[in-house]
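Work through these exercises with the sequence and the model side by side. Try each task before reading its solution.

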Amino acid sequence: MSPESPALGPRGADRSVALCGVPLRGPVLNGSGTFDAIAARRAFGDALLERFPFDLFVSKTITLEPREGNPPPRLWETPAGLLNSIGLPNKGLEGFLATDLPQLAELPVPLCVSVMGFTRDELAELVERVDARDEVSLIELNVSCPNVETGLIMGADPDETARAVERLRRLCTKPLVVKLTPNAVAPGAVAAAAEGAGADAVSLVNTLKGMALHPRTRQPWLGGGSGGLSGPAIRAVALEQVAAVAGSVSIPVIGMGGIASGGDAAEFMAAGAAVIAVGTESFRDPAAGRRIGDELAGLADHGSGKHRTEGRAPAPDRGQGSGAHADPPS
Ligand SMILES: Cc1cc2nc3c(=O)[nH]c(=O)nc-3n(C[C@H](O)[C@H](O)[C@H](O)COP(=O)(O)O)c2cc1C
């Protein structure tokens, strides 16, 4: 490998990892919905492809039918965080396959498509149709969006999650990632249920439920009423949940939630994440994924050896189980 290779760190270290058997040049993903690669390509041209900030690209969540999303305003800045109530605007499955997928397939990294269904039949159709496309390496199930009622119910309940994943597992030939909601009573139990039903990896956290009021009227600021909180404000919560989930499953954990530096990324990996994802930080700095990857590679001791990058290890260590999410001792 040449010294200029994107898989080499600042000091020439090989950063490459495999996620569920998919080779990646490094461990930095984007959080779904936080980096519009098609708009970025329009803005930056082919320079984006030459210095693409992520090692695997996760699409914005798509639904079966097109959606306009929630009414504005859709964003509110909090101390150290961002509240959003975007509401999954997207072109729908047909629009995505016809228009977006060919453009995303030109990115220099493997592609994961995020899907969300309002019923199990919808999810099945989404997964089957996306699975049939060679351009796609992995599929992520968004069962955790706090802005859409059905998503919250599915991802908040271990049995609901297991029933959905079981059916999809039979339809899907590609690695299946289940994206967990932090708004569940026991994310470790939901993760274990997803693994038991055949998920190949879990990713977490999605946004935490939050609300902002208009400073004068005291009415909800966001057009959708409440929203999802992300950014450094949620990092400590995300880190605890990643550690709890990593102790509950033997499949790889994709960790995210407020990661803004290589040091943050190293903490998530030490907590058990196999790879990490950058979300809100990319709004501040579109090149954040690359910077964080470089910083991480510059740290000698990231990763504790706890994390797993391959799915379904034969001897699950369920040491902490769902109890790992219990309150800390006072
Ligand atoms: C504006 C915005 C849009 C998002 N859209 C999606 C989405 O479409 N699907 C999804 O699974 N998560 C979505 N997320 C959640 C992120 O992928 C990520 O899980 C969350 O923001 C936590 O990471 P962060 O603190 O680094 O942003 C969105 C987050 C933001 C801020």
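**Exercise 1. Find what covers the buried residues of helix 9.**

Solution. Start with the cover: it includes helix 8, strand 13 (253-255), strand 14 (275-278) and helix 11 (288-298). Helices (H or I, at least four residues) and strands (E, at least two) are DSSP runs, numbered from the N terminus. This is a predicted model, in which local features need pLDDT of at least 70, side-chain atom pairs count only at pLDDT 80 or more, and totals for chains, interfaces and linings use all residues. Residues are numbered from 1 along each chain as its sequence is written.

Next, list the buried residues of helix 9: G262, D264, A265, A266, E267, F268 and M269. A residue is buried if 20 or more other C-beta atoms lie within 10 Å of its own, exposed if 12 or fewer, and partly exposed in between; C-beta atoms are placed from the backbone. Seven of the nine residues of helix 9 (residues 262-270) are buried, so helix 9 is largely enclosed by the rest of the structure. Last, look just past the helix: G272 follows, with a positive phi near 120°.

**Exercise 2. Check the length of helix 4 and locate its buried side.**

Solution. First, the length. The expected span of a helix is 1.5 Å times one less than its number of residues. For the twelve residues of helix 4 (residues 120-131) that gives 16 Å, and the end C-alpha atoms are 16 Å apart, which agrees.

Second, the burial. L123, L126, V127 and V130 are buried in helix 4. They cover an arc of only 95° around the axis, which puts them on the same side of helix 4. The arc is that of the directions from the helix axis to the C-beta atoms. The general rule: an α-helix has 3.6 residues a turn, so residues three or four places apart point the same way.

Third, the partners. The buried residues of helix 4 pack against helix 3 (92-104), strand 7 (111-115), strand 8 (138-142) and helix 6 (158-171).

**Exercise 3. Trace the open sheet of eight strands.**

Solution. Read the order: 3-14-13-10-9-8-7-4, with parallel pairing. Two strands pair if DSSP finds at least two bridges between them. Now take the edges. Strand 3 (28-30) and strand 4 (57-58) each pair on one side only. Then zoom in on one pair: four bridges join strand 7 to strand 8, and the two run parallel. Within strand 8, L141 is the bridge partner of V115.

**Exercise 4. Trace the open sheet of four strands.**

Solution. The order is 5-6-12-11, and the pairing is antiparallel. Strand 5 and strand 11 (208-210) stand at the edges with a single partner strand each, so one side of each is left without a neighbour in the sheet. On average, neighbouring strands of this sheet are turned by 35° against each other, direction ignored. Axes here are lines fitted to C-alpha atoms, for helices over the stretch in contact, and angles run from 0 to 180 degrees between N-to-C directions.

Go strand by strand. Strand 5 (residues 75-78) pairs with strand 6 (residues 81-84) over four bridges. L75 has N84 as its bridge partner in strand 6. N84 also has a bridge partner in strand 12, namely G228. Three bridges join strand 6 to strand 12 (residues 227-230).

Finish at the turn. Strand 5 and strand 6 form a hairpin with two residues between them. A80 in the turn has a positive phi of about 65°, although A80 is not a glycine. A80 is partly exposed, with 14 other C-beta atoms within 10 Å.

**Exercise 5. Which residues are joined by a cis peptide bond?**

Solution. One such bond joins P72 and P73, with omega about -5°. P73 lies in the loop between strand 4 and strand 5. Another joins L204 and V205, with omega about 10°. V205 lies in the loop between strand 10 (201-204) and strand 11.

**Exercise 6. Is R218 buried or exposed?**

Solution. Locate R218 in the loop between strand 11 and strand 12. Count: 8 other C-beta atoms lie within 10 Å, so R218 is exposed. Its phi is positive, about 60°, although R218 is not a glycine.

Key: Two residues are in contact if their C-beta atoms, placed from the backbone, lie within 7 Å.
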